[in-house]
Amino acid sequence: MKLLEGRNAIVTGGAQGIGRATALMLAEHGARVVVADLDERTAQAVVDGLPQGGAAVRCDVRDPDDARAAVAACQDLGSVDVVVNNAGITRDATLRKLTMADWDAVLDVHLKGAFLMSQAAAAVMREQGRGAIVNISSISGKVGMIGQANYSAAKAGMVGLTKATAKELAHRGVRVNAVQPGLIRTAMTEALRQDVWDQKMSEIPMGRAGEPEEVAKVVLFLASDLSSYLTGTVLEVTGGRFM
Ligand code: NAP
């Protein structure tokens, strides 16, 4: 019996990077996956490669109607067992230069997006008496990063969201946990300047960046019954950075 046999999952921002690796990991362990992303064509390409199939939905997590539509697409598969709030962007600038537009953009995608998806999914999970929500925060939300006041605030906010919703939903059989990845090789980090990359590498006790699959494996753990007695926790996937 596979870990997620017969379960249905939603992964936001699942068209690439950590989200794509997560969709593939959950599917490999038996889940059918709704890949919800701004880019429906790339999301469909991911779904086409999943063993049990699933659905691709064009979803802007900032839009409550899109969030509800993603949940409805998962209900069409039979249930809403797992939601991974992974969609994300960066708009880095120091406080001196950070615009309100870039503040709002980052807070909206990460924090408002995770709230809207959690609200839409929890309405179904409460009635099912079962569910797991996994919020992809960041180690930036634990330590704060220079040039990332917006991102660090959003990712710290996701920890508060995780703990509050974990407490609200625990008695209905719904668990909520968060993951804080460190430096992971994706399009988001490929854009980093070499000197910034080198500085980050020097902070990692394990001496290497992580791969998207190494985050996905931890999401699988939190999404499955392997973590049946965990809720409101934050797992750091950082190679020991900022432990
Ligand atoms: P990525 O490769 O840039 O992927 C992010 C995905 O989110 C993209 O497919 C993007 O779609 C989608 N997205 C952006 N805005 C969206 C919206 N409003 N609605 C729906 N989807 C949206 O990034 P990644 O590195 O895999 O990051 C995934 C998550 O991990 C993010 O939350 C990020 O903050 C977090 N994280 C990453 C790292 C790292 O080192 N990479 C470290 C810590 C935390 P489009 O491309 O179509 O816009």
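Visitor: How do the residues of the lining of the largest cavity divide into nonpolar, polar and charged?
Guide: This is a predicted model. Among the residues that line the largest cavity are Val 61, Met 117 and Met 158, and Met and Val count as nonpolar. Asn 85 and Asn 86 are also in the lining. The split is six nonpolar, five polar and no charged.

Visitor: Which element gives the largest share of the lining of the largest cavity?
Guide: The lining includes Val 109, His 110, Gly 113, Ala 114 and Met 117. Helix α4 covers 100-128. Five residues of the lining come from one element, α4.

Visitor: How much space lies in the largest cavity?
Guide: A search of the whole structure finds one cavity of 30 Å³ or more. The space in the largest cavity is about 40 Å³.

Visitor: What is the volume of the second largest pocket?
Guide: Phe 115, Arg 126, Ile 133 and Glu 168 are among the residues that line this pocket. By class, the lining has six nonpolar, three polar and two charged residues. The volume is about 180 Å³.

Visitor: Which element gives the most to the lining of the second largest pocket?
Guide: Two elements give two or more residues to this lining, α4 (100-128) and α6 (149-169). Ser 118, Gln 119 and Ala 122 are among the lining residues. With six residues, the top contributor is α4.

Visitor: Is Thr 162 buried or exposed?
Guide: Thr 162 lies in helix α6. Its relative accessible area is 0%. Under 20% is the cut-off for this class, so Thr 162 counts as buried.

Visitor: With which side chain does the side chain of Thr 162 make a polar contact?
Guide: Leave aside the neighbours within four places in sequence, and Thr 162 is in contact with Asn 135, Val 176, Asn 177, Ala 178, Gly 232 and Thr 233. One of these also makes a side-chain polar contact with Thr 162, at 2.9 Å. That partner is Asn 135.

Visitor: Which residues come nearest to the ligand?
Guide: There are 30 residues around the ligand. One of the nearest, Asn 86, also lines the largest cavity. The nearest are Ile 18, Asp 37, Asn 86, Tyr 151 and Thr 186.

Visitor: How far is a nitrogen atom of the ligand from a polar backbone atom of Val 61?
Guide: Oxygen atoms of the ligand have partners too. A polar side-chain atom of Gln 16 lies 2.8 Å from one ligand oxygen, and a backbone N or O atom of Gly 88 lies 3.5 Å from a ligand oxygen. For the ligand nitrogen and the backbone of Val 61, the distance is 3.1 Å.

Terms used. Residues are numbered from 1 along each chain as its sequence is written. This is a predicted model: local features need pLDDT of at least 70, side-chain atom pairs count only at pLDDT 80 or more; totals for chains, interfaces and linings use all residues. Side-chain values use heavy atoms; hydrogens and water are left out. On a 1 Å grid over the protein atoms alone, a cavity is a set of points where a 1.4 Å probe fits but cannot get out, and a pocket is an open set with protein on both sides within 12 Å along at least five of seven lines; lining residues have an atom within 4 Å of a point. Grid points are joined across faces, edges and corners, and a volume is the space filled by probe spheres set on the points. Helices (H or I, at least four residues) and strands (E, at least two) are DSSP runs, numbered from the N terminus. Buried means under 20% relative accessible area, exposed over 50%, partly exposed in between (1.4 Å probe, protein chains only). A polar contact is a pair of N or O atoms within 3.5 Å; within protein, one must be able to donate a hydrogen and the other to accept it, and residues adjacent in sequence count only if both atoms are side-chain atoms. Contact means heavy atoms within 4.5 Å. A residue is near a molecule or strand if one of its heavy atoms lies within 4 Å of it.
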